[in-house]
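Me: I have a model open and want to learn to read it feature by feature. Where do we begin?

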Amino acid sequence: MKLQEWLENGGAEGLKWLQLENFPDTGRGVKTLRPLKFNDIVLTIPGSFLWTVDAAFDDPVLGPTISSIKPPLSVEDTLAVFLLFIKSRKEGYEGKRAHVKLLPTSYTTSVFFNNEELEICSGSSLYHLTKQLKQQIKDDYLQLLNNLFSRHPDLFPLDQFTQNDYMWALCTIWSRGMDFQLPGKQFRCVAPFADMLNHSPDVQLCHIYDPQSGSLQILAGKDYTIGEQVFINYGPVPNNRLLRLYGFVLPNNLYDSYDLVLTTHSLAPLYTQKVALLESAGLQVNATFPLKLSDPLPLDVLRYLRIQRLSSSEIFTIEAKRGARNIVSARNEAEVLKALIEACESLLAGFGIPLEKLEANIASGVYQKGDNVWAAAHVSVGEQRILKMALQKTRELLALVICAQCGKANEDNKRCGRCRRVVYCGTDCQKSHYKEHKVICKAYATDEQQ
Ligand SMILES: C[S@@+](CC[C@H](N)C(=O)[O-])C[C@H]1O[C@@H](n2cnc3c(N)ncnc32)[C@H](O)[C@@H]1O
């Protein structure tokens, strides 16, 4: 049975106007055989066709075994096992097996990169996460093998439930799963045929799950002419995540980000008071802050560090109690900004290949477009660009806190009246610094006047 036939027989709508096709940049995707206007209904897949945890539990053969396992399987593992189970069946499940037959046989997500390919982005968050993920997949597989697969070889023939099969199934779920926030729970499904739609950041979010009817609907995220590829929008996903979960990157991705992790040691001075202040400011003590192209130095990073570095006399100030939205003291601010500069510099130094070299290699075609090394290079470029922007911004802020000549962080340091980009603790320092400062001062003063 063909996938489309199975779906149409069960009430799916819109398929007669859609066709699978290979496109040069995105690979296989879906083209429309009719013009579409923004928000037209393109495709409706009834709930009975969706791969979900409930569908796995309701399966008369698989359900009783996987729903009774302790500890319960995660959503991802349930779906991965469901997928491999259907793939391994020789009969029955005609429609679902037709869907599985159409799935890619291999993936380019970063867990499949060899060491050489991964090294291209060493230092990036993707590099560390991918290494962790590879280990986690091994551990999770062993647990599944011991607790499930080896106990029910009739349901899970071991030659079709290898670690590689498990990795394939996980990547299938990561790259094709759709997530929806329903009241009180997160819902994940894979929708046959709708999972053939590729991503474009240039269309509106247009995949909808209707909890009432249980069906999945795709709307037109823009106007389309006949023969055009129809896209959905996977969301504002940065390249490090795109490569980890979907196996591709978008050059110059507007949503690129660097995940800055901040933690405070429990032996740090005034730890308990600082944790209380962080919590009342809505911040966690072990926190991850996405630095984005649009906001490379979010206020929350400064708030966290201001609280982390409060002295015993500053901890009771009104500003600290208000969540450190503004400078607490010149001393505190200087310490925060210097620490941040050091952190950004050391993170940048940790990248195996510096930004400029990667950019040159991409521009000159050293990495073949679309290859794993090319994709890894884009991730590293994206993260390094953001860290450099964060570094630049932090340096600019520090120049407004410490005297440009002597480095003192006084409350009453005054800005240079001309460029307003540096501060001085007094006229002596301003005069002594003028020779060094004048070129920049003039440039900025001219900039301001333009
Ligand atoms: C939901 S599936 C879409 C259908 C898929 N192309 C296929 O042939 O099965 C997601 C996968 O499609 C590919 N993909 C989606 N959007 C893409 C894009 N804009 N550029 C390159 N590959 C894309 C990636 O391999 C991704 O993991």
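Reply: Begin with the ligand. Strand E2 gives the most to the shell around the ligand, with three residues. Keep in mind that this is a predicted model.

Me: How many residues surround the ligand, and which are the closest?

Reply: The ligand is surrounded by 17 residues. Arg28, Ser175, Asn198, His199 and Tyr246 are the closest. Two or more residues each come from strand E2 (27-32), helix H8 (163-176) and strand E6 (198-199).

Me: How do the residues of that shell divide by character?

Reply: Eight are polar, five are nonpolar and four are charged.

Me: Now the sheets. In what order do the strands run in the sheet of four?

Reply: Read E1-E2-E9-E6. The sheet is open, and its pairing is mixed. Strand E1 (18-23) and E6 are the edge strands, each pairing on one side only. E2, seen above in the ligand shell, belongs to this sheet. So does E6, which also gives residues to that shell.

Me: Do E6 and E9 run parallel or antiparallel?

Reply: Parallel. Two bridges join E6 to strand E9 (residues 229-232). Look at His199: Ile232 in E9 stands opposite. His199 is also among the residues closest to the ligand.

Me: What is the order of the sheet with three strands?

Reply: The order is E3-E8-E7, in an open sheet with antiparallel pairing. At the edges lie strand E3 (41-45) and strand E7 (207-210), each paired on one side only. From one strand to the next, the twist averages 20°.

Me: How many bridges join E7 to E8?

Reply: Four, with E7 and strand E8 (residues 215-219) running antiparallel. One pair to find on screen: His207 has Ile218 in E8 as its bridge partner.

Me: Last, helix packing. What describes two packed helices?

Reply: The angle between their axes and the distance between the axes. Here, take helix H10 (residues 271-280) and helix H11 (residues 299-308). Their axes come within 9 Å and cross at roughly 155°. Angles over 145 degrees count as roughly antiparallel, and H10 and H11 are therefore roughly antiparallel to each other.

Me: Is their crossing left-handed or right-handed?

Reply: The crossing of H10 and H11 is right-handed.

Me: Which residues meet there?

Reply: From H10, Lys274, Leu277 and Leu278. From H11, Tyr304, Ile307 and Gln308. By character, the contact holds four nonpolar residues, one polar and one charged.

How values were computed: Residues are numbered from 1 along each chain as its sequence is written. This is a predicted model: local features need pLDDT of at least 70, side-chain atom pairs count only at pLDDT 80 or more; totals for chains, interfaces and linings use all residues. Axes are lines fitted to C-alpha atoms, for helices over the stretch in contact, and angles run from 0 to 180 degrees between N-to-C directions. Angles under 35 degrees count as roughly parallel, over 145 as roughly antiparallel, 65 to 115 as roughly perpendicular and the rest as oblique. A crossing is left-handed if the near helix is turned anticlockwise from the far one by less than a right angle, and right-handed if clockwise. Two residues are in contact if their C-beta atoms, placed from the backbone, lie within 7 Å. Ala, Val, Leu, Ile, Met, Phe, Trp, Tyr, Cys and Pro count as nonpolar, Asp, Glu, Lys and Arg as charged, and the others, Gly among them, as polar. A residue is near a molecule or strand if its C-beta atom, placed from the backbone, lies within 6 Å of it. Two strands pair if DSSP finds at least two bridges between them.
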